Amino acid sequence: MTTSRHVAPARSAGGRWTAAVRPPAVAAAIGVAVAAVVALLRTAQLPAGMGALDMTMSGAGVGVWVALSAVPAAVIGLLGPAGPATAVARGLVIGLLWWVSWNLTLLPLLIGVRPGWSSASVTVGFADLVATLLHGAVTGLGWSAVAARVVGVARGPDEDRADLPRVVVLGGGFAGVAVARRLERLARRRSRWDVTLVSDRNFLLFTPMLPEVAGGAVQAQHVGAALRAACPRTRVVLGRVDEVDLRQRVLRVGADEIPYDHLVLVLGTEPTFHGLPGIAEHCLTLKSLPDAARVRAHLLTQLERADLALDETERRRLLTCTVVGGGFAGVELLAELQDLTRSVLRYYPSLEATQLRFVLVHSGDRILPELGAKLAQFADERLRSRGLEIMLGTRVRGATKSALVLEDGTEIASGTMVWTAGNQPSEFVRSLATEHARNGAVVVDATLRAVGVERVWAAGDCAAVPAGEGKVHPPTAQHALRQGRTVADNLAAVIAGREPQPFRFTTIGMLAALGHRTGVAEIRGWRFSGVLAWAMWRVIYLAKLPGLEKRIRVALDWLVEIAFPRDLVLAQEVPDATGRLGPAPEPSSR
Ligand SMILES: Cc1cc2nc3c(=O)[nH]c(=O)nc-3n(C[C@H](O)[C@H](O)[C@H](O)COP(=O)(O)OP(=O)(O)OC[C@H]3O[C@@H](n4cnc5c(N)ncnc54)[C@H](O)[C@@H]3O)c2cc1C
């Protein structure tokens with residue numbers, strides 16, 4: 001390995017708290033304290049005749065009022081680090097929401113009055129509005145002032161952590177972020193280790209929402225959480241790992257070398273095409289954010305081309321969308337693409353819904369093999385009833401520029417072809433000098449230590465984690481997340497001279513969204529289907545999305561999507577016939 005630049009970790013997971021690292025509970029506590037002070041000041045100076053707020057003048061009333069106003073103040077803190085302007089803006093927005101929900105709605109109900117917009121209530125309400133907005137703004141300002149003081153006391157120069165064990169986490173997905181965050185938590189009060197996270201993308205991708213990004217229901221950036229925000233006390237290195245020397249304990253990212261004492265491999269998987277001809281060249285995939293954006297752009301471009309196509313056969317080909325793979329990704333994607341197309345079809349008067357064709361090709365005997373047979377059957381029937389074609393027990397031989405070729409030689413002429421039928425650890429992971437399972441995953445013991453190499457751990461999709469009886473844990477986000485936490489706990493144990501513990505976890509449940517406000521779910525043995533399962537999908541995944549801000553953004557996307565057709569705007573270059581991005585095609589070639 002050639003040496004060019006030695007990267008010494010500069011920030012420690014055991015460092016002191018800074019603005020970005022204050023735990024949400026502390027930020028919220030500051031908000032509550034400020035709220036109490038502001039509320040007391042406000043009630044003390046409340047002009048007489050402010051309607052319902054007069055109750056706050058009594059001793060008990062003040063207490064209740066302080067407790068109630070502490071909630072929005074805590075929210076200001078929970079929303080994350082903010083300067084004075086942002087904190088005031090947050091206070092104003094929360095004040096407005098508070099006024100509508102509490103002063104105008106809940107309070108009248110509590111005192112037996114019908115909530116309404118009569119001139120009297122609006123006049124009184126307006127005074128309340130001004131007072132509540134002021135309260136929100138002052139609380140925000142107070143919060144930021146107190147927070148700034150705490151930060152000022154706690155922020156120190158970057159410390160030299162050369163004396164601490166160096167942990168390098170390779171991969172910024174579910175498992176990688178879980179490792180880093182857990183290590184941050186475990187070292188909250190004192191420096192215990194030095195953590196560096198290396199990833200070739202600067203965000204954690206929330207993959208369960210990728211089909212919705214491809215379908216245009218959710219904006220692409222909203223399903224990613226920036227690594228620096230998710231793990232503020234971890235040193236983040238953006239780059240692709242090229243080489244690891246497991247004996248010298250050093251890895252290379254471009255021109256930089258990063259030494260480690262403990263290495264955590266959490267590099268996930270990438271699509272595999274099983275050597276089938278033409279698949280890599282002509283099929284799109286759904287593994288990354290650019291993939292999802294490309295699928296959406298490609299499908300919308302095919303609609304534009306179909307609109308101009310004079311030949312009926314070509315037009316039908318352009319309007320045919322074929323997805324290979326009947327697992328969660330394939331099923332959810334095809335359903336989303338149908339929703340997208342149906343939603344925007346009104347803008348293409350020359351195209352008809354009957355000309356659209358959606359085909360799912362799956363080698364198994366039923367779709368969604370991860371779910372019980374009954375739910376899979378329900379999903380199958382629902383999708384077929386919406387006109388989707390599902391070909392079970394069907395293998396693919398390859399693909400040409402214009403068609404998917406099945407094993408028996410049948411060709412499905414398609415304008416859009418997406419491959420979701422297989423992932424495996426990257427060539428880089430498979431080439432590492434560790435023990436590998438048949439699919440190339442790093443074999444680990446029950447405590448997630450790589451077998452046969454020292455100080456190397458692995459978790460998530462790139463690891464073969466024993467689940468007993470010769471089985472391994474499935475490659476899902478819920479497993480990756482928990483394996484990441486176990487790796488961190490075990491690292492802490494080993495560094496402290498304790499015994500690492502085995503990873504134990506059984507799948508909590510599985511949910512799939514089938515488009516058209518329907519879904520299927522199996523949670524702790526309970527089965528749900530239809531609109532209830534769809535609502536559960538949305539609530540559960542929204543709650544799991546990292547960061548309150550992203551949750552709000554996705555919720556707003558969903559709200560907009562209910563009222564308006566999906567967006568047609570192509571923010572990137574027009575893809576060519578294979579889906580690759582390039583200059584827009586010449587009109588004559590259409
Ligand atoms: C479309 C889709 C839908 C899914 N839906 C669900 C679902 O609903 N529920 C569920 O539980 N699971 C779901 N999954 C599976 C889930 O996404 C994975 O199990 C999970 O992401 C695995 O986490 P991980 O940390 O092991 O890998 P990943 O999340 O893939 O993270 C790997 C990270 O390593 C980085 N990386 C890779 N190679 C390098 C390199 N050489 N150098 C630097 N960085 C590198 C990658 O950029 C990435 O950040 C879905 C997957 C897909 C594709």
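The following paragraphs describe a parallel sheet and the surroundings of a ligand in a predicted model. Local features were taken only at pLDDT of at least 70 and side-chain atom pairs only at pLDDT 80 or more, whereas totals for chains, interfaces and linings use all residues. Residues are numbered from 1 along each chain as its sequence is written, and side-chain values rest on heavy atoms, with hydrogens and water left out.

Five strands (DSSP runs of E, at least two residues, numbered from the N terminus) form an open sheet in the order β6-β3-β2-β10-β22, with parallel pairing, where pairing requires at least two DSSP bridges between two strands. Because β6 (235–238) and β22 (456–458) stand at the edges with a single partner strand each, one side of each is left without a neighbour in the sheet. Strand β2 (residues 166–170) pairs with β3 (residues 194–199) over 5 bridges, and Arg 166 has Asp 194 as its bridge partner in β3. Helix α5 (residues 174–186; helices are DSSP runs of H or I, at least four residues) packs on the sheet, touching β2, β3 and β10 (262–265), with contact meaning heavy atoms within 4.5 Å.

Around the ligand lie 27 residues, of which Ala 175, Asp 200, Thr 207, Asp 461 and Ala 477 come nearest; a residue is counted if one of its heavy atoms lies within 4 Å. Helix α14 (477–495) and α5 each supply at least two residues of this shell, and α14 gives the most, with 3 residues. A backbone N or O atom of Asp 461 lies 2.8 Å from a ligand oxygen atom, while a polar side-chain atom of Ser 199 lies 3.4 Å from an oxygen atom of the ligand.

Technical notes:
Axes are lines fitted to C-alpha atoms, for helices over the stretch in contact, and angles run from 0 to 180 degrees between N-to-C directions. A polar contact is a pair of N or O atoms within 3.5 Å; within protein, one must be able to donate a hydrogen and the other to accept it, and residues adjacent in sequence count only if both atoms are side-chain atoms.
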